[in-house]
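This briefing is meant for a reader who is meeting the structure for the first time. Please keep the sequence and the 3D view at hand while reading, and look up each residue as it is named.

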Amino acid sequence: MSVTEYRGFAGVRLEAEIRGSADDPAVLLVHGAGQTRGVWSGVAEALERAGRRVISLDLRGHGGSEWPADGRYDFDAMVEDLRAVLAQLGSRPVVVAATLGGWIATAALERDAALLASGLVLVDVPLALDAEVARRIGARLREAATLAPGQAQWDSRLLDAFDSEAVVERLAGAPRAIALPTLYVRGGLSELVPSDDAAAFVATFPDGELAEVEDRAFVVADDRSEAFGGYLIDFLERRAPRASPEYREGSDARSFRDALGCFATGVTVVTAMCPDGTPVGLTANSFTSVSLDPPLLLVCIANSAGSAPFLRKADRFAVNVLQIGQQPTSNRFAGKGEDRFGATPWMVGEFGTPVLTGSLSSFECAREAVHDGGDHFILVGRVLKAIFEPRRDPLLYFRGKYRKLHFA
Ligand SMILES: Cc1cc2nc3c(=O)[nH]c(=O)nc-3n(C[C@H](O)[C@H](O)[C@H](O)COP(=O)(O)O)c2cc1C
């Protein structure tokens, strides 16, 4: 888990907690009135376990976000905060928002919904507010805010800046414009949102569905919201599924590389001596053992590699398997414009090939065969001699990154 910051309307600093991998589809959690992002902790954990990246935001004047000195807590400022955060995210999240947060999310998505988000989940969002209920809630919040002055989790000036009736009026036409998969979740015992109202409201969304959580007044009232987590994950899996990346012949080469990168390998440097006595070599992880008797191995070399013509013709070559301390060597033999051999300890091996000293193992080979393999060629070597160091750990390569052995 980490904490990050976004810039809201007029540069206000907004804080959010982030869980889960950046590769996973995102869910943005927006808390309700009188709450902070902490209210989502149980939901956030469940979402992370279900393979989602979770961003829990503190609204302005709440929790770790800025409590603006000018006391700007009007609805428009908070709506613009959310739009700004959505624009700063790398991907379009499903926005999950409770009570006040739901009002803000609905207004924020009234324009550009499909550009900013991939789904919307509204929890206990009152759509018409009975004046008496509004007064009771206001009084309850005010009391909570003054109970522990100095320790308050949110700025009680918000209550003075906020006109809930005007907000409800303003939101009347918004759902029609929000063409996103939408879930409305209502606490079965809610006094805030009568059941019939919820059904009518959901029907105003182009793609809305309703869920009622039994035995609850408020769905997200504390961090024990398992029932809600279940509805939410079911909705996400149906309507915003985690896509596994896919490659098909002819589609983007990047996905093909990523698919191949799922195969963890060691790293080698393949070397040979040119006829004029200069050594050549390049980093290669396409190393494979081939045969025990005769002792054969192979590496695949790109036809485009600068050293390819020499390696194709060389009678002898060496494969040096790198150990964990040789990451700089790997970079050097994969990079352009490097003094590869000048900066690397090496010696001429018994069979005349450049052997990198300190490698995990080095195989001196005679060229057995060369096969064409698309944009690479397959260089098969008969092993003349192998030396190896049993006490070092290998340098590993997986998903495009160097790795080290980890024994649990
Ligand atoms: C971890 C790693 C593995 C690589 N594996 C191969 C490989 O198997 N075959 C290959 O031709 N190039 C591979 N490369 C790329 C070459 O090392 C890189 O293109 C190098 O600059 C080629 O050098 P040259 O053009 O001077 O011959 C790999 C690079 C890295 C970092």
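The notes below go through the ligand site, one helix, a buried serine, some backbone features and two further helix residues.

The model is a predicted one, and the values that follow were computed from it. The ligand is surrounded by 17 residues, and the protein covers 80% of the 640 Å² of accessible area that the ligand has on its own. Elsewhere, helix H8 has buried residues that line one face of the helix, and a cis peptide bond joins Asp-293 and Pro-294.

**The ligand and its surroundings**

- Among the 17 residues that surround the ligand, the closest are Thr-283, Ser-286, Ala-302, Gly-306 and Ser-307.
- By type, the residues of this shell divide into nine nonpolar, six polar and two charged.
- Thr-283 approaches the ligand through its backbone, with an N or O atom that lies 2.7 Å from an oxygen atom of the ligand.
- Two side chains also place polar atoms by ligand oxygen atoms: for Arg-340 the distance is 3.0 Å, and for Lys-336 the distance is 3.4 Å.
- With these contacts in mind, one can look at the cover as a whole, where the protein takes up 80% of the 640 Å² of accessible area that the ligand has on its own.
- The elements that give two or more residues to the shell around the ligand are strand E11, which spans residues 279-284, and strand E13, which spans residues 296-302.

**The two sides of helix H8**

- Helix H8 runs through residues 195-203, and its residues Ala-198, Phe-201 and Val-202 are buried.
- Viewed down the axis of H8, these buried residues fall within an arc of 100°, and therefore they line one face of the helix.
- On the other side of H8, Asp-196 and Ala-203 are exposed.
- The buried residues of H8 are covered by parts of the chain that include strand E6 (119-123), strand E7 (182-187) and strand E8 (208-213).

**Ser-359, a buried loop residue**

- Ser-359 is located in the loop that connects strand E16 (354-356) with strand E17 (361-373).
- Its relative accessibility is 10%, and because buried means under 20%, Ser-359 counts as buried.
- The side chain of Ser-359 reaches the backbone oxygen of Leu-356 at 2.8 Å, and the side chain of Ser-359 also makes a polar contact of 3.5 Å with the side chain of Gln-326.
- When neighbours within four places in sequence are left aside, the residues in contact with Ser-359 are Asn-320, Val-321, Leu-322, Gln-323, Gln-326 and Glu-389.

**Backbone features in loops**

- The peptide bond between Asp-293 and Pro-294 is cis, with an omega of about 5°, and Pro-294 lies in the loop between strand E12 (288-291) and E13.
- Ala-10, in the loop between strand E1 (2-7) and strand E2 (13-19), has a phi near 55°, which is a positive value in a residue other than glycine.
- With a relative accessibility of 72%, Ala-10 counts as exposed, since exposed means over 50%.
- Arg-399, too, is a residue other than glycine with a positive phi, here near 50°, and Arg-399 is found in the loop between strand E19 (396-398) and strand E20 (401-403).
- Arg-399 likewise counts as exposed, at 53% relative accessibility.

**Two partly exposed helix residues**

- Arg-170 is found in helix H7, which covers residues 164-170, and at 35% relative accessibility Arg-170 counts as partly exposed.
- Although Arg-170 and Ala-107 are 63 residues apart in sequence, their C-alpha atoms are 8.3 Å apart in space.
- Not counting residues up to four places away in sequence, Arg-170 touches Phe-75, Asp-76, Val-79 and Ala-107.
- Gln-88 is in helix H2, residues 75-88, and with a relative accessible area of 38% Gln-88 is partly exposed.
- A polar atom of the Gln-88 side chain lies 3.0 Å from the backbone oxygen of Ala-84, and beyond neighbours within four places in sequence, Gln-88 is in contact with Tyr-6 and Arg-7.
- Gln-88 and Ser-118 are 30 residues apart along the chain, and their C-alpha atoms are separated by 15 Å.

Definitions and conventions
Residues are numbered from 1 along each chain as its sequence is written. This is a predicted model: local features need pLDDT of at least 70, side-chain atom pairs count only at pLDDT 80 or more; totals for chains, interfaces and linings use all residues. Side-chain values use heavy atoms; hydrogens and water are left out. Buried means under 20% relative accessible area, exposed over 50%, partly exposed in between (1.4 Å probe, protein chains only). Helices (H or I, at least four residues) and strands (E, at least two) are DSSP runs, numbered from the N terminus. The arc is that of the directions from the helix axis to the C-beta atoms. Contact means heavy atoms within 4.5 Å. A residue is near a molecule or strand if one of its heavy atoms lies within 4 Å of it. A polar contact is a pair of N or O atoms within 3.5 Å; within protein, one must be able to donate a hydrogen and the other to accept it, and residues adjacent in sequence count only if both atoms are side-chain atoms. Accessible areas come from the Shrake-Rupley method with a 1.4 Å probe; for residues, only the protein chains shown count as cover. Ala, Val, Leu, Ile, Met, Phe, Trp, Tyr, Cys and Pro count as nonpolar, Asp, Glu, Lys and Arg as charged, and the others, Gly among them, as polar.
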